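Student: Could we go through this protein model together, one question at a time?
Tutor: Gladly! Let's look at it first.

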Amino acid sequence: MLRILLSIGLCLSIPTAVLAQRIFLKELVVIPVRPIDANTFEAFENDGAGASQIWCAAGKFTRDYLQQRGGELYILQARGNSAAVPGRKSVIFTTQPVANPVKSYSVSLRKEGLNFSMTHANALCRSQPEFLIRVRVVGS
């Protein structure tokens, strides 16, 4: 009887341990974002974030801070040196249409005009369960 109870206890504790491990293994990535105007903002590389994490932060910023739910998000200025914060790399995004927009299935920060729907940008947050993406608004 004791063996059966121990076996049941072990079986019940494994899913709990796996769930707890999954929660604690999330990597927090904080992306600083500097608003430029009502439709344009600069997202800075931080915490080793890649293109997917920065697009996710851009989607969150447009949804939560600019209060825009639909439409397109464009790269106005591709990844490069920030003019506002020397020594930092950044990307400037806008919700306004740009000349020569580029549609792609590749998530990149290196092509001006590249655009995704805001829904797609926000979906990138959900497609990376190992990351917890946070946006930190910084002054201009």
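Student: In which strand is the place of threonine 94?
Tutor: Keep in mind that this is a predicted model. Find threonine 94 and see which element holds it: that is strand E4.

Student: Does threonine 94 count as buried or exposed?
Tutor: The cut-off we need is that buried means under 20% relative accessible area. Threonine 94 has 4% relative accessibility, so it counts as buried.

Student: With which side chain does the side chain of threonine 94 make a polar contact?
Tutor: Start with what threonine 94 touches, leaving out residues up to four places away in sequence: Asn39, Thr40, Glu72, Leu73, Tyr74 and Leu76. One of these also offers a polar contact between side chains, at 3.2 Å, and it is threonine 40.

Student: Which strands stand at the edges of the sheet?
Tutor: The open sheet has seven strands with mixed pairing, in the order E5-E6-E3-E4-E2-E1-E7. A strand at the edge has a single partner strand, so one side is left without a neighbour in the sheet. The two strands in that position are E5 (102-103) and E7.

Student: In which sense do E1 and E2 pair?
Tutor: As background, strands of a sheet pair through backbone hydrogen bonds, either parallel or antiparallel. Here E1 and E2 are paired over three bridges, and valine 33 has alanine 43 in E2 as its bridge partner. Their sense is antiparallel.

Student: Which residue in E6 does tyrosine 74 stand opposite?
Tutor: E6 is joined to E3 by three bridges, running antiparallel, and to E5 by two bridges, running parallel. Lysine 103 stands opposite asparagine 115 in E6. The residue opposite tyrosine 74 is asparagine 115 too.

Student: At about what angle does H3 run to E6?
Tutor: Look for H3 where it lies across E3 and E6. Its direction relative to E6 is about 80 degrees.

Student: Which element gives the most residues to the largest nonpolar core?
Tutor: That core has 28 residues, and those touching the most other members are Ile31, Phe41, Trp55, Leu73, Ile75 and Phe93. Elements that give two or more residues include strand E1 (27-35), strand E3 (72-81), helix H2 (51-64) and helix H3 (118-126). With six residues, the one giving the most is H2.

Student: And about what angle does the direction of H2 make with that of E7?
Tutor: H2 packs on the sheet and touches E1, E2, E3, E4, E6 and E7. Comparing its direction with that of E7 gives about 55 degrees.

Key:
Residues numbered from 1 in each chain as written. Predicted model: local features only at pLDDT ≥ 70, side-chain atom pairs only at ≥ 80, totals over all residues. Heavy atoms only, no water. Core = buried A, V, L, I, M, F, W, Y, C linked by side-chain atoms within 4.5 Å. Buried < 20%, exposed > 50% of the residue type's maximum accessible area, 1.4 Å probe, protein only. Helix = DSSP H or I, 4+ residues; strand = E, 2+ residues; numbered from the N terminus. Pairing = 2+ DSSP bridges. Contact = heavy atoms within 4.5 Å. Axes fitted to C-alpha atoms, helices over the stretch in contact; angles between N-to-C directions. Polar contact = N/O pair within 3.5 Å; in protein donor to acceptor, adjacent residues only side chain to side chain.
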